[in-house]
Amino acid sequence: MFIILLLLAGGIGIGYLMRHIHFLQHIDKSISFTIYVLLFLFGIHIGSDQKLIDSFHTLGLQAFVISFAGIIGSLLVTYIAFRVWKKRGGERRSDEE
Amino acid sequence: MKNSLIILGIFLLGLAIGMLHIDPLSWFSAHASTYILYALMLQIGISIGHSNKLTEMKRQLHWSTLCLPLMTIVGTLLFSALAGILLSDWSITDCLAVGSGFGYYSLSSLLIVDLKAPFIGTDKALQLGTIALLANIIREMTCLIGAPFFTRHFGKYAPITVAGVTSMDVCLPIIRETSGNAMVPIALLHGICLEITVPVMVSFFCQL
């Protein structure tokens, strides 16, 4: 975990220091490529695991449950928070903008 | 959208090749992934630091604009924990790790496979990674398809919060269309905040 966060933070630092080097703009392409490679390997890994393939429908169902829970949760919390905020300071919002 | 289909296609291609049981390939995929993942994290960091995302963030930084990403995080985690109680196969922290992908399906699933393996075993980690991939793709698709519905019934912040990380790229056009141009900077900041949150939170919940 620490290696991952360290690499992320280090990368942010390096990127910030080298922000005038325009060549680095192309890093998004190499990120996409790296993600493709990793997902390809991830696919191979899953594909070679027969037990996992057999349980794919269960995993899909569980993914649906977690996904919809997250969506409903963020919708509700945002909706309620902004309703409360509007009610308490409807006028104040104009000076935020 | 096109990019998501490419990603899904590549994943499925890998899946098909894996089903052919070419042993050296699966050995390679198990061992090389960690280092490629490290390379990915470094690149993502460089991209965040190099782009004007940080200056943009500093410019927009105000407690009211930070509210929305915070709401997304709180709401998602709260209900992901509920899902964890509902699903007997997975612990609450497993579901929190999946939920804290916030639509960033590629990174969250890859991180989960790598970081969960030492705790719950490779098989289980692969299963949870698959769930993370699917769940976060579903989240992005839901926003792409349902944005008009969300705006109508829950207000103009709704599609942004549903989009999660993708509010800054894939879902930005539809958010602009349904919530208006004024929401674009908020959607961008929302996405940038969550992009930084995802690796931190996913690795955090993988350790618990």
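Modeller: A polar contact is a pair of N or O atoms within 3.5 Å, where within protein one must be able to donate a hydrogen and the other to accept it, and residues adjacent in sequence count only if both atoms are side-chain atoms. This is a predicted model, in which local features need pLDDT of at least 70 and side-chain atom pairs count only at pLDDT 80 or more, while totals for chains, interfaces and linings use all residues; side-chain values use heavy atoms, leaving out hydrogens and water. Residues are numbered from 1 along each chain as its sequence is written, and chains are lettered from A and ligands numbered from 1 in the order in which they are written.

Biologist: How many residue pairs are in polar contact between chain B and chain A?

Modeller: There are 15 such pairs between chain B and chain A, both residues being at pLDDT 80 or more. Of the helices (DSSP runs of H or I, at least four residues, numbered from the N terminus), those supplying at least two residues each to the side of chain B that touches chain A include α2 (23–50) and α7 (122–154). The most comes from α2(B), with 20 residues.

Biologist: Which residues form the salt bridge (a side-chain nitrogen of Lys or Arg within 4 Å of a carboxyl oxygen of Asp or Glu) between chain B and chain A?

Modeller: The count between these chains is 1 salt bridge, and B:Asp123 forms a salt bridge with A:Lys51, with the closest N and O atoms 3.4 Å apart.

Biologist: How many residues does the contact (heavy atoms within 4.5 Å) take from each chain?

Modeller: Chain B gives 83 residues and chain A gives 65 residues.

Key
Contact means heavy atoms within 4.5 Å.
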